[in-house]
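Visitor: I have a protein model open in front of me and would like to learn how to read it. Could you walk me through it?

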Amino acid sequence: MEKQASFLIAAPTSGSGKTTIARGLMALIRQQGYTVQPFKCGPDYIDTKFHAEVCGRPSVNLDTFMATEEHVRELFAHYGNDADVCVVEGMMGLFDGYDRERGSSYEIARVLDIPVVLVVDSKSAAYSMAALLQGFLTFRQDVRIEGVIFNKVGSERHFQMLQQVCDDLNIRCYGYLPKRTELEQSSRYLGLDFSSRPETKALVECLKQHVDWQALFSLVAPIAGVSCSNSWSKSLQGLGQIAPGTGVRALVAHNAEAFSFFYQETIDSFKTVRYFDPEQDVPSFEGVDLLYLPGGYPEKHVEALVRNEACRKAIKAFAEQGGRVVAECGGMMYLCQSIIDDEGEHPMCGVLPYSITACRADRKLSLGYRRFVLDGKEYRGHEFHYTQLVEPANGPFQKEVEWLGAQVYNAKNEPVDTRIFKYKNVLASYTHLYPI
């Protein structure tokens, strides 16, 4: 391959099959001996896991709300510099952002000047696809939609009709994925199911047969392959004022499901990283500047977390002694007094005088970008959860836990009721923080 190939997999709507086809293409291209660098548009923490599994290297989020356009370009150049192929998976529909098209996959494609391949769900449609595709091709002139992959195609005859659409619109058709139940990814708790290893063999073989994947190598982005030794920003500051400056030695909670939602850039911002599993390990804090408790689904693992009492006591002691802690969403839940579900109440670390309800009757979706200012620094991040805080009863240290007066806003600059907690050197919230 003479040039580094780069393209963005997008779709007209959510549920079109972006993740399935992106994951399959990543696996297929890697099987041919190429190095594939995966990226994900937006703040998603789960699709990146599928990418990392099939590519053998971390997937990186590209987000124009949480980072500047310049930084997004630096990220793409930095992480993709040594790859043969860069594959970016979009989010939602191509033009769906937090404010019209702002923050959308389209905006990432525009910022990177990267070609777009549309994944189109063609179930129960044929030539009507011409009107749909014509709209996407002409809606914005500053994005390069280079071709189409059709999904859920019913038969070879169905595909021939869809091919006619592409011929009439003078857009390349890279192939299709037939409608097969075994190729469809099951639903997840908050998205796609990653609790078990997704089967990719059938998907890869199907793509080999029906998609001209080698033609994708002709798609390039001007930024691809550019040396980034001088452009990669060194502005990462750990996690802000809670861990000021660079050179942070971090201890990170990590578990396949309970504590696993973090941005790769956060991990790479630390000088050193040690991992521990709160379900099995008792952490040592020697040589540690920061304990980082990322998000996940601790409410699905309460029994194991309760059993490891020694870990919970060690974390509480570290926090009480002034240790620096950043806890996000699931990590914050773990720091609370307890998690309540339909089976009962389960004790957690007891650092924060709150409980969390994960009962079905109490579930309420909280979703969206977040920003707030703390000690003169602006924090940006994302929130996605169904669990809710339960107000505490009067406790011996309730007054010491500060519900910070910093107002939290969403992407449209509207105030939201997300709470940011500070206790000694603990910073905790439902918001997943971005590291710049």
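Guide: Happily! Let's begin with the surface. The protein exposes about 18,300 Å², and carbon and sulfur atoms supply 45% of that area. Keep in mind that this is a predicted model.

Visitor: How many of the residues are buried, and what secondary structure is there?

Guide: Of the 436 residues, 58% count as buried. The secondary structure comes to eleven helices and 23 strands. As for contacts, take those with a separation of 6 or more: residues 24 or more positions apart account for 72% of them.

Visitor: Let's pick one helix. What should I look at in helix 6?

Guide: Start with its span. Helix 6 covers residues 156-169, which is 14 residues, and reaches 20 Å from its first C-alpha to its last, close to the 20 Å expected at 1.5 Å a residue. Then look at which residues are buried: His158, Phe159, Leu162, Val165, Cys166 and Leu169.

Visitor: Why do those buried residues end up on the same side of helix 6?

Guide: Because they cover an arc of only 105 degrees around the axis. The face turned away from that buried side carries the exposed residues Arg157, Asp167 and Asp168.

Visitor: What do the buried residues of helix 6 pack against?

Guide: Their partners are helix 5 (129-139), strand 6 (145-153) and strand 7 (172-178). Just after helix 6 comes Asn170, whose phi is positive, near 60 degrees.

Visitor: I noticed Cys166 among the buried residues. How should I think about cysteines and disulfides?

Guide: The general idea is that a disulfide is a covalent bond between the sulfur atoms of two cysteines. This structure holds zero disulfides. The closest cysteine sulfur to that of Cys166 is in Cys173, 4.4 Å away, which is too far for a bond, as the cut-off is 2.5 Å. Cys166 itself is buried, with a relative accessible area of 0%.

Visitor: What about Cys311: where is the nearest cysteine sulfur?

Guide: That sulfur belongs to Cys349 and is 6.6 Å away, and Cys311 is in no disulfide. Cys311 also counts as buried, at 0% relative accessibility.

Visitor: Now a polar residue, please. Is Thr357 buried or exposed?

Guide: A good way to judge is by relative accessibility. Thr357 counts as buried because its value is 7%, and buried means under 20%. Its place is in strand 14, residues 352-357.

Visitor: Which polar partners does the side chain of Thr357 have?

Guide: There are two to look for. The side chain of Thr357 reaches the backbone nitrogen of Cys359 at 3.3 Å, and a polar contact of 2.6 Å joins it to the side chain of Asp362. Leaving aside neighbours within four places in sequence, Thr357 is in contact with Ile340, Asp362, Thr387, Gln388 and Val390.

Visitor: And Glu320, where does it lie?

Guide: Glu320 lies in helix 10, residues 309-320. With 25% relative accessibility, Glu320 counts as partly exposed.

Visitor: Which residues does Glu320 touch farther along the sequence?

Guide: Not counting residues up to four places away, Glu320 touches Tyr423 and Lys424. With Tyr423, the side chains make a polar contact of 2.7 Å. You can also compare sequence and space: Glu320 and Val351 are 31 residues apart in sequence, and their C-alpha atoms are 7.7 Å apart.

Note on methods. Residues are numbered from 1 along each chain as its sequence is written. This is a predicted model: local features need pLDDT of at least 70, side-chain atom pairs count only at pLDDT 80 or more; totals for chains, interfaces and linings use all residues. Side-chain values use heavy atoms; hydrogens and water are left out. Helices (H or I, at least four residues) and strands (E, at least two) are DSSP runs, numbered from the N terminus. The expected span of a helix is 1.5 Å times one less than its number of residues. Buried means under 20% relative accessible area, exposed over 50%, partly exposed in between (1.4 Å probe, protein chains only). The arc is that of the directions from the helix axis to the C-beta atoms. Contact means heavy atoms within 4.5 Å. A polar contact is a pair of N or O atoms within 3.5 Å; within protein, one must be able to donate a hydrogen and the other to accept it, and residues adjacent in sequence count only if both atoms are side-chain atoms. Accessible areas come from the Shrake-Rupley method with a 1.4 Å probe; for residues, only the protein chains shown count as cover.
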